[in-house]
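Visitor: Hey, got a minute to walk me through this one? Let's pull it up first.

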2 protein chains.
Amino acid sequence: MADVARLAGVSSQTVSRVSNGHPGVVDATRQQVLDAMKELGYRPNSAARALKRGEFRTIGVILFTLATTGNSRTVEAIANHAAEQGYAITLIPVASPTQDGVLGAFTRLGELAVDGVIVIMEVHLLDAVALELPPGAQVVVVDSDAGDRYPVVDTDQADGARQAVSHLLELGHHTVRHVSGPAESFSAGRRAQAWRDVLTEAGRPVPPMLQGDWSAESGYRAGLEIAADPSCTAVFTANDQMALGVLRALHERGRRVPEDVSVVGFDDIPDAVSYLPPLTTIHQDFAEMGRRCVDRLLHQIRGEASPPGRALVPTRLVTRESTAPPPAS
Amino acid sequence: MADVARLAGVSSQTVSRVSNGHPGVVDATRQQVLDAMKELGYRPNSAARALKRGEFRTIGVILFTLATTGNSRTVEAIANHAAEQGYAITLIPVASPTQDGVLGAFTRLGELAVDGVIVIMEVHLLDAVALELPPGAQVVVVDSDAGDRYPVVDTDQADGARQAVSHLLELGHHTVRHVSGPAESFSAGRRAQAWRDVLTEAGRPVPPMLQGDWSAESGYRAGLEIAADPSCTAVFTANDQMALGVLRALHERGRRVPEDVSVVGFDDIPDAVSYLPPLTTIHQDFAEMGRRCVDRLLHQIRGEASPPGRALVPTRLVTRESTAPPPAS
DNA sequence: TGCGATGATGTTTACGTAAACATCATGCAC
DNA sequence: GTGCATGATGTTTACGTAAACATCATCGCA
């Protein structure tokens, strides 16, 4: 910076003013400075900036994995929206969903250059360790059981699940089986609860729930059980990838979809339209989710009033070919 | 830090030594400092650290999208391995594969607090703009056409594609059609070239190539054309998601896989085993890829000798049920 | 016993920036 | 013409840390 100032024949403070777009610099001077910057290939040192300003213009995102489509799409949306707001995203992967893994991530996090953190993870896993945030850092939690401790940005999981199950009941199915996500997932829990609620409200029997882990493989295992149950005519899976596994199991066991069994997924990932058959599923608006996370966090960082409302991000049913009325039997 | 020093009754320099794990501090003193840190909730300020040390311990990853499975898995592997090395990952999403989008990303990048950058993108798109890196930042390019300008970490795309096509020929197929990735993708180009080479070397006809964009939807469109070509008995798609679309199209048109048509994908994403039928594909080792990217970049950052070899990350054929000998005809 | 070597700890300084304050020239009102 | 307001630019300082150097006590050995 000093070099630039010397070359432009001004003080370093004027260089600073130009580089930050402050007013009160005459055009001729500004141009001189800009020329000098260019000639010397000057880039402001972000560490020094951050030190002086007391903020990093960076948001940390802490999560277990990018392997589930929902997570990676959420992260992408967060990154895009944050970039628009002039913030960068730092990824904090947690090696494993164990205390050690989380602890390691948070130890790193404590020293990390972030103004705030978005947690895409079950909060109770955080409780296991002292949540040592960088001083002054804010937290927003995605789709989790944060209670009142942290602001939460939420998708309307329950409504989505209700739409899925209702859709199947309206088609005439007597009841619906559910392949849920992992027990520790709050989202999975809410989808399962809504499934139970709708059946109960409709006076239908609630068949045993099958437990998966979001992966297609786990869906396949659940699907084998479903295929072995001739009374089952409708399945609601907690995400699309598990639905893919269910479809495979049903196909292998000779049960046709949707003629014999209807299947509804959750997420509406781009691939779902290409499943065999194309999957009826609950569409999630990941972009909106990312936007809300970032907006909310920035509000907090700036100490502004509590962000506008706690409305849930809506979901909607997308009907494709994997659902139909039950067989006449 | 001064507060901690005061409370512990030592100098700030001793606090610094403890916080960085430097030797030469007696255990009793160290413990006092640690206690004081804990009591005051002290966290080192990473901006000041970075300023003093001249490095950020952060790697930037610049890419278009996390929506393709390959990208998100590569990023995850990079993040994990970087974390092991004490480095954080900053995501730099490029809004769109246009000059404006890339330019915007690089303008931000220029001011970003990173020691190096991993580019998961076609280099020729970077050429459109002045590649203004933070001073001293290093670059590693993934699977791209960087020529000699940047170090490249590469998967053995060509070998993978050769394995795929050879496998089909060995099963007895006369020739193989190819659904490629987007024209601007270097990886896609190499897979397509290898496909052409193998067919040519075997003295087989090279049928017209079909162009996709990595998405299942584009695979579906290509699949419809393939289904309309009764002479086609074998397809090699440049990734698994497009293979999913091809499977759907073939199924809709009543062409059985693998009895009528064999299909081979590329990537071996976890879902591929659950496709109908489970997909024969080329396995990529994304974890190894991520590791090599990070190692290579850190080598450069530290100014160490040119990293060990430029060996390609190997690929391997995973045979499942989507391939079989051609119909007797 | 004394002296140098060793190891523990303290003091000074600089990293690059931007806020706060100081200075200077210009122009306008009286 | 004088004085003062205004706007442009320069000077000083502090942000929190860690390297370099300085100091001090202790211990072993002649």
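Visitor: Which element gives the most to the surface near DNA strand D?
Guide: That's H4(B), with four residues. Keep in mind that this is a predicted model.

Visitor: Which helices supply at least two residues each there?
Guide: In chain A, helix H2 (12-19) and helix H4 (46-53), and in chain B, helix H2 (12-19) and helix H4 (46-53).

Visitor: How many residues surround the strand in total, and which are the closest?
Guide: There are 25 around DNA strand D, and the closest are Ser11(A), Thr29(A), Met1(B), Tyr42(B) and Arg49(B). By class, that surface has nine nonpolar, 11 polar and five charged residues.

Visitor: What does Arg49(B) do with its side chain?
Guide: One of its polar side-chain atoms sits 2.8 Å from a phosphate oxygen of DNA strand D. Asn20(B) also has a side-chain N or O atom 3.0 Å from a phosphate oxygen of the strand.

Visitor: And which DNA atom does Arg17(A) meet?
Guide: A base nitrogen of DNA strand D, 3.0 Å from a polar side-chain atom of Arg17(A). Of the strand's atoms within 4 Å of the protein, 56% belong to sugar or phosphate, and the rest to bases.

Visitor: Switching topic: how do H10 and H11 of chain B pack?
Guide: Helix H10 (residues 216-227) and helix H11 (residues 240-252) of chain B have axes 6 Å apart, at an angle of about 40°. H10(B) and H11(B) are therefore oblique to each other, and their crossing is right-handed.

Visitor: What's the class mix at that contact?
Guide: Between H10(B) and H11(B), 10 nonpolar, five polar and three charged residues.

Notes: Residues are numbered from 1 along each chain as its sequence is written. Chains are lettered from A and ligands numbered from 1 in the order in which they are written. This is a predicted model: local features need pLDDT of at least 70, side-chain atom pairs count only at pLDDT 80 or more; totals for chains, interfaces and linings use all residues. Side-chain values use heavy atoms; hydrogens and water are left out. A residue is near a molecule or strand if one of its heavy atoms lies within 4 Å of it. A polar contact is a pair of N or O atoms within 3.5 Å; within protein, one must be able to donate a hydrogen and the other to accept it, and residues adjacent in sequence count only if both atoms are side-chain atoms. Ala, Val, Leu, Ile, Met, Phe, Trp, Tyr, Cys and Pro count as nonpolar, Asp, Glu, Lys and Arg as charged, and the others, Gly among them, as polar. Axes are lines fitted to C-alpha atoms, for helices over the stretch in contact, and angles run from 0 to 180 degrees between N-to-C directions. Angles under 35 degrees count as roughly parallel, over 145 as roughly antiparallel, 65 to 115 as roughly perpendicular and the rest as oblique. A crossing is left-handed if the near helix is turned anticlockwise from the far one by less than a right angle, and right-handed if clockwise.
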